[in-house]
Amino acid sequence: MEKTVFVLLLLLVCCFSEAQVTTEPGNDIIQQGPQTQTQTGEPASGHQQTCLPDIHTVLRDMNAMLAEQRVEIRHLQRDNEVQAVKLRELDVQKTQLNLQKTQLNLQKTQLDEMKRQFKQVAFSASLLASGSGHIGPFNTQTPLVYRHVVTNIGNAYNPNTGLFIAPVRGAYYFQFYVFGHGHPSHPSAAVLVKNGQHIFTAYDHQPSIAVSSSNGASLLLEKGDVVFIRLWRNSRIFDNVNHHSTFSGHLLFTM
């Protein structure tokens, strides 16, 4: 379109050049370009008459082209406004994505720290904190509280209640030992319990001599699951400063 405008302007200049007149001293008008004489001796004006309509045509074409350019400019302005709105929306989305990314990184850091802490879970405890003696017999199964704690990494075992509460989902290993003195009517036995469910039993019964038994299990625990030891009904268990009767457990790996 710029080339077309240039051609039209060039045509317009040519038309004016052919019809140009200059004024000389003495007020004589000298017409530039080829001249023809009439019978009266005056220059002919036919070329001027043919050039003027061409000028009007050029002007009309230029006006039409300018109108088209104004329309195109308005369209471009509207397109630019639409693009500007889209760019602002993209900037907002980019800001939101960056914020979400920052939040996710923070949550990941916190989760990694929690996992690092929870991976360190282990405990060992014996039945009596001091002295010696038997616990039991009772006519029902009774939870045992192992009060002498030697290790409690992660504090998942509670020496006041005898309960181990899983701090994280994972595989755990538990082991317990039962010691007692033989008795004609009372065995020495205990049960490993998960969430009230009987898992494994350690049992021995002799009429007079010392008895001992043990058992263990690997358990898949959800966070908050409870594991503890119950004294078997009508049985008894012994402990003293040598800590014969124990309960231990640790986290194998998280899941």
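This dialogue goes through several features of a predicted model and how to read them.

Student: What should be known about the model before reading it?

Tutor: The model is predicted, so local features need pLDDT of at least 70 and side-chain atom pairs count only at pLDDT 80 or more, while totals for chains, interfaces and linings use all residues. Residues are numbered from 1 along each chain as its sequence is written, and side-chain values use heavy atoms, with hydrogens and water left out.

Student: How many helices and strands are there in the protein?

Tutor: Helices (H or I, at least four residues) and strands (E, at least two) are DSSP runs, numbered from the N terminus. The protein has 2 helices and 15 strands. Among contacts (heavy atoms within 4.5 Å) between residues at least 6 apart in sequence, 72% join residues at least 24 apart.

Student: What share of the residues counts as buried?

Tutor: Buried means under 20% relative accessible area, exposed over 50%, and partly exposed in between, with a 1.4 Å probe and protein chains only. Of 255 residues, 27% count as buried. Accessible areas come from the Shrake-Rupley method with a 1.4 Å probe; for residues, only the protein chains shown count as cover. The accessible surface of the protein is about 16700 Å², and 56% of that belongs to carbon and sulfur atoms.

Student: Which residues of the largest nonpolar core touch the most other members?

Tutor: In soluble globular proteins, nonpolar side chains tend to be buried together. A nonpolar core is a set of buried Ala, Val, Leu, Ile, Met, Phe, Trp, Tyr and Cys residues joined through side-chain atoms within 4.5 Å. The largest one has 28 residues, and Phe164, Tyr172, Phe174, Leu192 and Phe247 touch the most other members. Strands that each supply at least two residues include strand 3 (122–126), strand 9 (170–181) and strand 15 (246–254). Strand 9 gives the largest share, 4 residues. Leaving aside neighbours within four places in sequence, the contacts of Tyr172 include Phe164, Leu219 and Leu252.

Student: How is an aromatic pair read, and how many does a search of the whole structure find?

Tutor: A pair of aromatic rings is described by the distance of the centres and the angle of the planes. Rings of Phe, Tyr and Trp (its six-membered ring) pair if their centres lie within 6.5 Å; planes under 30 degrees apart count as stacked, over 60 as edge-to-face and the rest as tilted. The search finds 11 aromatic pairs. One of them, Tyr157 with Phe247, is edge-to-face, at 6.2 Å centre to centre and 80° between the planes. Tyr157 is in strand 7 (residues 157–158) and Phe247 in strand 15, so this pair ties together parts 90 residues apart in sequence. Both Tyr157 and Phe247 are buried. For Phe179 and Phe238, the ring centres are 6.1 Å apart and the planes are at 55°, so that pair is tilted.

Student: Where do the two partners of the salt bridge lie?

Tutor: Side chains of opposite charge can pair when their charged atoms come close. A salt bridge is a side-chain nitrogen of Lys or Arg within 4 Å of a carboxyl oxygen of Asp or Glu. The whole structure has 1 salt bridge: Arg169 with Glu222, whose closest N and O atoms are 2.9 Å apart. Arg169 lies in the loop between strand 8 (163–165) and strand 9, and Glu222 in the loop between strand 12 and strand 13, so the pair ties together parts 53 residues apart in sequence. Arg169 is partly exposed at 30% relative accessibility, and Glu222 is partly exposed at 37%.
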